[in-house]
Amino acid sequence: MDRFDPLFFNISPKEAVSIDPQERIMLETVWHALEDSGYSRTRLNRLEKEGRRVGVFIGVMSQPYPWVAKDKHAAGVLSGASYWSIANRISYYLGIQGPSMAVDTACSSSLAALHLAVNSLRLGECSMAIVGGVNLSLHPYKYIGLSQAKLLGSHSRSLSMGDGDGYLPGEGAGVVILKLAESAEADRDRILCRIKGSAVNHSGRTGAYKVPSREAQAELIRLALADAEADPATIGYVETATNGSAVGDAIELDALKLVFQDCNPDSHVCAIGSVKSNIGHLEAASGMSQLTKVILQMVHRKLVPSLHAERLNPRIDLTGTVLRIQREAADWRRFRQRSGDGSTPELPLRAVIHAVGAGGTNAALVVEEHLPGLEQELTQELGEAGPFLLLLSARNKERLALVTRNMLEFLTSSDSVSMRNFAYSLALREPMEERLALVVPGKQAAVDALQRVLGGSLSGKEVFVGSVDDTGFQAKYTATDGTKERLSVLAERWVHGTFLVLDGLYPPEQCSMLSLPGYPFEHESYWVASDLSAEQTLEEPMVVAPDREVTHEIRTYLTELIADLLDLKAVQIKPGRGFDKYGMDSLTASRMVKSIRQFCGITVSLPDLFEHYSIERLSSFLIQCGASETWKLPEKPFSKKDDTGVEPEREASFDYYLDNLILSSMEDNKLQLDEALALKDFIKSFVESGETNDRKRDISKVC
């Protein structure tokens, strides 16, 4: 959980240390979910431009990272951001503008977030929603608190519906992508299930604050069924919130008995289970684990056993009901329902998912199996005539090698894989800096080529390799000709930066998304030091002075300066890449300007920096301004103290903060350069006139 790939998300290593691990994990999990659904940032931005907003709804209920830092000042810095930053960071990185919120209703957080997302889609606030939940246990304080609240179980296993006395926390994160069914079908998205109905309520006043209500839970599930227009008799499985609590588990099953009391046990059996018996209680993320289990059961049409309930909770009695604890793996068979004409068509598999929050907020979903239409089934029967253009990319060569290896393993481990769908799925992924393209006639040729590439051989007419410094500015080409010769030209163009539109080669209506291996993020450790002092945490980074004898190597100086400011390695910084790709913000930019002014003897404004936002462009600008002639190096370039040994007070001038504000507005595209300069002049003149008036008033008071 300390591992992260900050540069992938344009975050500096220095900032990464201060970001909650739950936020980092959600960034990577969201990326994988979007990859799996076929949505790159380019595709998301296209939706946004069409007015189809994309929302983010994240369930989370604890912020344990500040506890890790022993120093209270460091802990204070870490606690500066809260749950909101998880959702907002995702929206910021992806460039999406729909609702973005974190939801905390304790253990029902994920399902409550999903309920809000469903309503947002129905209201038209967004056309697509990223929904998730995350939960980490980073410090023993958590277990002390759970123990004091009498919530922590004393057993070594999670005893959902068993003879337990509390729950065992688990850790995890999950994300799903939601769209309205009509929109998903029109966009040819890969649909795993349908959310037919949802509901949220509160237990109201009960015997004790953390004691749930049977009646409220029964009413909640009825509300969700009504929203889904589904009868309890059509439900074949209930994923319960049971977690090992002697009282809570019994109350929940009593509520289920009320919901299903009119069903005939002779003709209807409804299985019940709990994923918490397998992985523990994921608390805020438990709803995502419940939904994931139900989706997998629907896709495979299998019911898996709920564990550790051999010794049943003595308060639970299911005699005479349709409810049965699923104790072994079994086929999940569809129900049949008699229609008006006397026929008995099969119904889609349906399940209820139920979550209970410690403070009384309950949530429920009705989930239905997705049955592809005849058109989609016929798509699978289309011919597999090659050749195929396979596009692989990553942020650096090491990651590209892993992407290559992962795709090779996918092909070799799949008995039957549609190469047309494989090529289509790869084409929907985000094109990155390091690129590999293959033009192959079929699966075996692809396997052979990938093996040769991994062996170090880049020879062969079917292999194309290239690098792109800036993926933001690319020529665009729409491909329609699928001959080997033309695909080879396209491959050569793509590895050197051309953006390809391949709908003509792989029409979405004739292809299906495959679930391919996700991007292999770099996983270096970013963790707050337990003995970090307040000064180490909060002080400005030490500026790097240039070598006075090498005035012409401005690029080297700038590279070392940025590396120091952002805790990067110099080799990670590319001359042509924008500073924002490394996580530079307005505060860091201000420090950079100050250092350049000090050691180059040239006054560079923040707008100047923003206009020349890379090593390459900024070094050229400095040389044009005469940096090599005005280069100044103090006798003690690495000392922050003067000759008296006294630490000078840091400057915190009005201009410093005003420049930060102006640059932030420019970064957010709220101001153009000329507007920013005019606004700065206006604000300064306004403040200066105000200061003059203040001085006059102070003098009059003295007199």
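## Strands β2 and β3

In this predicted model, strand β2, made of residues 54-59, pairs with β3 in the parallel sense. Four bridges hold the record of that pairing. One position in it can be picked out by eye: Phe57 stands opposite Met101 in β3.

Strands of a sheet pair through backbone hydrogen bonds, and the pairing is either parallel or antiparallel.

## The sheet as a whole

β2 and β3 belong to an open sheet of four strands, in the order β3-β2-β4-β5, and its pairing is mixed. β3 (100-103) and β5 (172-178) stand at the edges; each has a single partner strand, so one side of each lacks a neighbour in the sheet. On average, neighbouring strands of this sheet are turned by 15 degrees against each other, with direction ignored.

At the β5 edge, β4 and β5 run antiparallel and are joined by seven bridges. Here Asn135 stands opposite Gly172 in β5.

## Surroundings of β5

Is strand β5 largely enclosed or largely open? Five of its seven residues are buried, so β5 is largely enclosed by the rest of the structure. Being buried means having under 20% relative accessible area. An edge place in the sheet, with one side left without a neighbouring strand, therefore goes together here with a strand that is largely enclosed.

Helix α13, residues 286-300, lies across β4 (128-135) and β5. The helix runs at about 65 degrees to β5.

## Helices α10 and α11

Helix α10 covers residues 214-228 and helix α11 covers residues 246-259. Their axes come within 8 Å and cross at roughly 50 degrees. That angle makes α10 oblique to α11. The crossing of the two helices is right-handed.

Which residues meet where α10 and α11 come together? From α10 they are Arg214, Gln217, Ala218, Ile221, Arg222 and Leu225. From α11 they are Ile251, Glu252, Asp254, Ala255, Leu256, Leu258 and Val259.

## Cysteines

How many disulfides does a search of the whole structure find? The search finds zero.

Two cysteines can be placed by their accessible area. Cys107 has a relative accessible area of 8%, so Cys107 is buried. For Cys193 the value is 17%, and Cys193 is therefore buried as well. Both values fall under the 20% cut-off for a buried residue.

How values were computed. Residues numbered from 1 in each chain as written. Predicted model: local features only at pLDDT ≥ 70, side-chain atom pairs only at ≥ 80, totals over all residues. Heavy atoms only, no water. Pairing = 2+ DSSP bridges. Axes fitted to C-alpha atoms, helices over the stretch in contact; angles between N-to-C directions. Contact = heavy atoms within 4.5 Å. Disulfide = S-S within 2.5 Å. Buried < 20%, exposed > 50% of the residue type's maximum accessible area, 1.4 Å probe, protein only. Parallel < 35°, antiparallel > 145°, perpendicular 65-115°, else oblique. Left-handed = near helix turned anticlockwise from the far one by under 90°.
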